[in-house]
Amino acid sequence: MKIVFEHKGVLPVKKYGGIERILFWHMKELAKRGHEVILFGHPESDVEKYGIKLLPGVKNAEDLDSLIPNDADIVHLTYNYIPKSKVPTIVNMQCNGQIGEKFPKNTVFVSKKHAENHGANTYIHNALDFSEYPYNSKKKTPLNSFLFLAKGSWSVKNLKHCISVCKKAKKTLHIAGGRSFFPSRYIHSHGMVGGEEKLDVMKKCDAFLFPVRWHEPFGIAIIEAMAMGMPVFGSPYGSLPEIIQPVSGKICHNYKELLTEVSNKEHSYDPDAIRNYVETNFNIEKLTDEYINLYKKVIAGEYLHDQEPTWQLKYGPEDLLEY
């Protein structure tokens, strides 16, 4: 197939950018399989050595309309837009839509709950290229050092409760993605990190805290932590109950339950089993297989949804949920 992508930022990304990494890994996997992959992207993107053809990027989505090759089989976008072209288009939505916003019928969401929240049912879980997450077998150990990996300034990510439970339990918290303005012997802030620096921070940690207060569409940091053998303790919202299984962590329904898990000295999570779980279920090869199946449907003239998906819940997508 001849598949067209568009992305304005530099690929591959160096620091923050989970969505961008998945997009790049997927393109790389498609090229590896012999598909012709075209990226309208940033001139500093270093993708051609992976078999991806880089063409000048576009300033506005509408500029893409006249640039899509007529012989392309499908266009794959990561934002809400359908080019004025005869070439079929798939839109992968990684975020929650706003109230009243409608999405194309060929939209792919990133978890079952994410799709349901938009009145839809087509989704593909995000995935990792595990070559970028080297792992050495680990023994079961007490959970004394915890990780927060998200934009700490975004209140829905709930850094506040992560800091609070670690202080109360007298456990170490490493913050990657933000800083705490309440320094403590237990709290270590690393700011925005990426690449080897992020991996170094993650290697210091025994478990990951993700008590989000919104319907998280997916939560790429969850599977990144699992890739390093860490169990995940998260809230019951969005995709989390789909991803966090007994082998890989626990759903904590409120602050008290989160504090109990952080304080628990008798956890018996097996890091090797967690790594095996995430490798089996959230690998980039599986994601690409599933996208190829959807490409074939759309190219054949099928719609992935009968109606345009739109936000279904009565409250806004970024309203804080109880915790």
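Me: What is the strand order of the open sheet, and what pairing does the sheet have?
Reply: In this predicted model, the open sheet has 6 strands in the order β3-β2-β1-β4-β5-β6, and the pairing is parallel.

Me: Why is one side of β3 and of β6 left without a neighbour in the sheet?
Reply: β3 (52-56) and β6 (107-108) stand at the edges and each has a single partner strand, so one side of each lacks a neighbour in the sheet.

Me: What makes β5 and β6 count as paired strands?
Reply: Pairing requires at least two bridges between two strands. Strand β5 (residues 89-92) is joined to β6 by 2 bridges, so the criterion is met. The two strands run parallel, and V108 in β6 is the bridge partner of N92.

Me: Why is α5 called oblique to α8?
Reply: Helix α5 (residues 220-227) and helix α8 (residues 271-281) pack at an angle of about 135°, and their axes are 8 Å apart. Angles over 145 degrees count as roughly antiparallel and 65 to 115 as roughly perpendicular. The angle of about 135° falls in neither range, so α5 is oblique to α8.

Me: Which residues of α5 and α8 meet, and how many are nonpolar, polar or charged?
Reply: From α5, I223, M226 and A227 meet I274, R275, Y277 and V278 of α8. By class, the contact has 6 nonpolar residues, no polar ones and 1 charged residue. Arg counts as charged, so R275 is the charged residue here.

Me: Which strands does helix α1 lie across, and which does helix α9?
Reply: Helix α1 (residues 18-32) lies across β1 (2-7), β2 (36-41), β3 and β4 (74-77), at about 160° to β1. Helix α9 (residues 284-299) lies across β1, β4, β5 and β6, at about 140° to β5.

Key: Residues are numbered from 1 along each chain as its sequence is written. This is a predicted model: local features need pLDDT of at least 70, side-chain atom pairs count only at pLDDT 80 or more; totals for chains, interfaces and linings use all residues. Side-chain values use heavy atoms; hydrogens and water are left out. Axes are lines fitted to C-alpha atoms, for helices over the stretch in contact, and angles run from 0 to 180 degrees between N-to-C directions. Helices (H or I, at least four residues) and strands (E, at least two) are DSSP runs, numbered from the N terminus. Angles under 35 degrees count as roughly parallel, over 145 as roughly antiparallel, 65 to 115 as roughly perpendicular and the rest as oblique. Contact means heavy atoms within 4.5 Å.
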